[in-house]
Structure formats: C-alpha cells, structure tokens
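Visitor: I would like to go through this structure term by term. For each label, tell me what earns it.

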Amino acid sequence: QVIRCRAAVAWATGKPLSLEEVEVAPPKAGEVRIKIVATGICRTDDHILEGSFPDVDFPVIPGHEGAGIVESVGEGVTSVKPGEKVILVSLPHCGECSFCLNPESNYCLKSHLSEPQNLLPDKTSRFTCKGKQIHHFLWVSTFSEYTVIPEYAVAKIDAAAPLDKVCLLGCGFSTGYGAAINAAKVKPGSTCAIFGLGGVGLSVVIGCKVAGASRIIAIDINKDKFAKAKELGATDCLNPRDFKKPIQEVVTEMTGHGVDYSFEAIGLADTMIAALASCNMNTGVCVMVGLADSGSLISIDPMLLLSGRTWKGTLLGGMKLR
C-alpha cells in the first residue's frame with residue numbers, strides 16, 4: 001500500500017528545501033522500499049539546490065547518503081528481505097554491464113553520469129506530493145522517511161551496525177577513504193596533501209594514514225578544522241590565506257619537489273590546479289575528488305602533465321559499494 005510520510009522536497013533551483021507530506025508507492029518488481037533511519041548531508045545535496053549538479057529534474061527529494069531498514073520488497077527481489085538493515089548506494093551495481101563485469105571498475109552504466117537516475121528504471125517515480133510527481137535523486141532520496149530504490153542499489157549490512165554511523169559509508173567516508181586507498185594507492189612512507197577538510201577531505205586524511213603515509217599536509221581556509229585533521233592523522237596544517245605565494249609553491253618548498261599524492265576535496269577549478277601542481281612533476285599523482293559545478297571548464301598548462309604527473313578523478317573512492 002501507499003505510505004504517507006514526511007520528506008524534504010526541493011521544488012526548484014535556488015529555493016530552500018520544504019518539509020512536505022508525500023506519498024510513497026509500493027515497490028514494483030526488482031525494487032525495495034526502505035524506512036530511512038539515518039541520513040548524512042553531503043555537499044552534493046547542496047549542489048542540487050544551487051543548480052550546479054548536472055541533469056537533475058525538479059521537483060526532487062535530495063539525499064544520497066543513508067541507511068535504513070527494508071520495509072517491503074517487490075517481486076523477484078532476493079538479496080534483502082523486510083526487517084534487514086541496509087545502506088543505500090548512489091552508484092549502483094547492476095552486475096551485468098561491461099563496467100560491473102570489470103574487476104578494476106566501480107562504475108555502472110545504470111549510474112547518473114550515463115543515464116540520469118531521476119526516475120526509477122521503468123521511467124516512473126514512486127513519490128507524489130500535492131498531486132504532483134516528485135523526482136528521485138540518484139535513486140536514493142534519503143531526505144524522505146521512506147524511499148523506493150532498485151535492488152541493485154541496496155547493500156545488506158550487519159544487523160548490529162549503528163545506522164547513524166554507517167550511513168556515511170554511502171558516500172562521504174567511502175569517497176575520501178577510497179580516494180587514498182583505491183584511486184591513489186598511497187604507499188607507506190609517502191607524502192600527501194589534501195585540499196579541503198570537510199567530511200570527505202578528513203576521510204582522505206584517514207585513508208592516507210591507514211596506508212602508512214609519513215607526511216600528511218592538510219589544507220583549508222578554515223583553521224577551525226585543523227584540530228580534527230591532526231587528530232585523524234595530519235602532520236601539517238596550512239591555511240592558504242597565511243601565505244603571500246600560491247599554496248602549491250608552499251607545499252613544493254616544504255617537501256623538496258612536491259608531494260607524492262595530492263587530493264582535491266572541494267570542487268573548485270583553482271584548487272584542482274593547485275593540487276595538481278603540488279604533487280611532484282614526474283611520479284606525482286593528483287586525485288580529483290570534489291565535484292566542480294556542472295559545465296565548468298579548467299584551463300591548465302600542459303607542462304604540468306607532460307613531465308609525467310598523473311591526474312585522475314574518482315567516483316565514490318573507486319569502491320564497488322554494493
């Protein structure tokens with residue numbers, strides 16, 4: 001049956017979220033309806049409201065970092081059953097496409113960058129409000145007390161897992177930690193620089209420490225974040241506003257020739273270029289973790305790459321989340 005519950009709806013770009021009563025239809029074949037117990041708020045949700053996330057349709061229920069309990073399942077669902085705890089994953093794993101079948105890939109052709117996840121795979125929505133169809137976001141839409149999602153975007157977890165903690169595995173923690181472990185493959189004894197110390201950047205710090213990095217330089221214009229960064233493993237903290245020269249020059253001087261690995265966890269063109277220039281010119285690896293505004297372009301000096309640097313992006317830290 002249809003469930004009536006509360007959800008935070010984004011009616012249009014630039015408008016604040018509005019708390020509404022919504023109707024959530026039952027799951028169809030291959031779908032799961034979930035009671036959301038905990039959700040994180042990731043910066044990407046803010047990008048929707050600003051209109052800087054690509055190909056989102058309004059009105060929409062945001063939220064993509066959540067954990068909950070299966071309420072009901074549609075026909076043919078076998079991997080989860082009602083009452084089980086799950087994490088919802090915004091990068092699905094259909095298990096059939098060429099990317100899912102590639103052990104080195106964590107992408108899926110069902111994901112938003114290939115085919116928008118604004119409606120469920122049958123091209124309909126399970127949400128209505130005030131008689132209007134409401135769109136899903138990355139199929140997840142955790143800013144609702146109940147949501148419906150395809151089975152291949154749900155991961156069953158341990159019954160003892162604390163949902164208010166593990167919801168962060170759905171995006172923020174996995175993205176940052178995985179950027180260090182999977183995308184950069186940080187080596188023991190290496191040097192690292194992280195631009196941006198939000199939840200994702202701090203998760204990169206943890207990943208670098210776990211990987212055995214000997215020096216971890218944490219960079220942010222908000223010095224209030226430095227204590228937490230140091231607690232999690234940062235050895236140095238830099239505020240670019242404290243220096244007259246570009247921060248990449250500061251990092252290069254501190255380390256001799258630049259760091260072995262650099263990470264941009266903000267999503268700004270300037271910091272992406274600074275992060276690239278901060279890693280050493282030959283074997284340095286720079287990982288783009290932050291999401292730049294939709295349609296933005298970056299202009300770089302090709303010499304930054306010609307000498308051998310590697311510049312790469314990562315989605316959800318290279319994790320096959322499901």
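What follows is a round of questions and answers on the labels used for this model.

Visitor: What kind of model is this, and how are its values computed?
Guide: This is a predicted model, in which local features need pLDDT of at least 70, side-chain atom pairs count only at pLDDT 80 or more, and totals for chains, interfaces and linings use all residues. Residues are numbered from 1 along each chain as its sequence is written, and side-chain values use heavy atoms, with hydrogens and water left out.

Visitor: How many helices and strands does the protein have, and what makes a run count as one?
Guide: The protein has eight helices and 15 strands. Helices are DSSP runs of H or I with at least four residues, strands are runs of E with at least two, and both are numbered from the N terminus.

Visitor: Why is the protein called as compact as a globular protein of its length?
Guide: Its radius of gyration is 20 Å, close to the 20 Å that the globule rule gives for 322 residues, so the label holds. The radius is taken over C-alpha atoms, and the rule is 2.2 Å times the number of residues to the power 0.38. Along the principal axes, the C-alpha trace spans about 65 × 40 × 35 Å.

Visitor: How is the accessible surface computed, and what does it come to?
Guide: The Shrake-Rupley method is used with a 1.4 Å probe; for residues, only the protein chains shown count as cover. The total comes to about 14600 Å², and 56% of it belongs to carbon and sulfur atoms.

Visitor: What makes a residue buried, and how much of the protein is buried?
Guide: Buried means under 20% relative accessible area, exposed means over 50%, and partly exposed lies in between (1.4 Å probe, protein chains only). Buried residues make up 52% of the 322.

Visitor: Why is helix 7 called largely enclosed?
Guide: Seven of its ten residues (269–278) are buried, so the rest of the structure largely encloses helix 7. Among the buried ones are Thr271, Met272 and Leu276. The buried residues of helix 7 pack against several elements, including strand 10 (191–195), helix 6 (247–255) and strand 14 (285–288).

Visitor: Is Thr147 buried or exposed, and what is it in contact with?
Guide: Thr147 lies in strand 8 (residues 146–150). Its relative accessibility is 0%, so Thr147 counts as buried. Contact means heavy atoms within 4.5 Å. Leaving aside neighbours within four places in sequence, the contacts of Thr147 include Val24, Leu88, Phe127 and Trp139. The C-alpha atoms of Thr147 and His257 are separated by 50 Å, and the two residues are 110 apart along the chain.

Visitor: Why is His47 called buried?
Guide: The relative accessible area of His47 is 8%, so the residue is buried. His47 is found in helix 1 (residues 43–50). Neighbours within four places aside, His47 is in contact with Ser52, Phe53, Leu291 and Asp293.

Visitor: Why is Gly212 called partly exposed?
Guide: Gly212 has 30% relative accessibility, so it counts as partly exposed. Gly212 sits in the loop between helix 4 (199–210) and strand 11 (215–219). Pro188 is 24 residues from Gly212 in sequence, yet their C-alpha atoms are 4.1 Å apart.

Visitor: What is unusual to check in the backbone?
Guide: Start with Phe58 and Pro59: a cis peptide bond joins them, with omega about -10 degrees. Pro59 lies in the loop between helix 1 and strand 4 (66–73). Next, Lys130 has a positive phi of about 55 degrees although it is not a glycine. Lys130 counts as exposed at 62% relative accessibility. Lys185 also has a positive phi, near 55 degrees. Its relative accessible area is 56%, so Lys185 is exposed.

Visitor: Which domains does UniProt place here, and how do you know that?
Guide: The unreviewed UniProt entry places "Alcohol dehydrogenase-like N-terminal" at residues 29–158 and "Alcohol dehydrogenase-like C-terminal" at residues 199–318. UniProt positions are in the numbering used here, feature names are shortened, and annotations may be inferred rather than shown by experiment. Residues 29–158 are 6% helix and 27% strand. Residues 199–318 are 34% helix and 17% strand.
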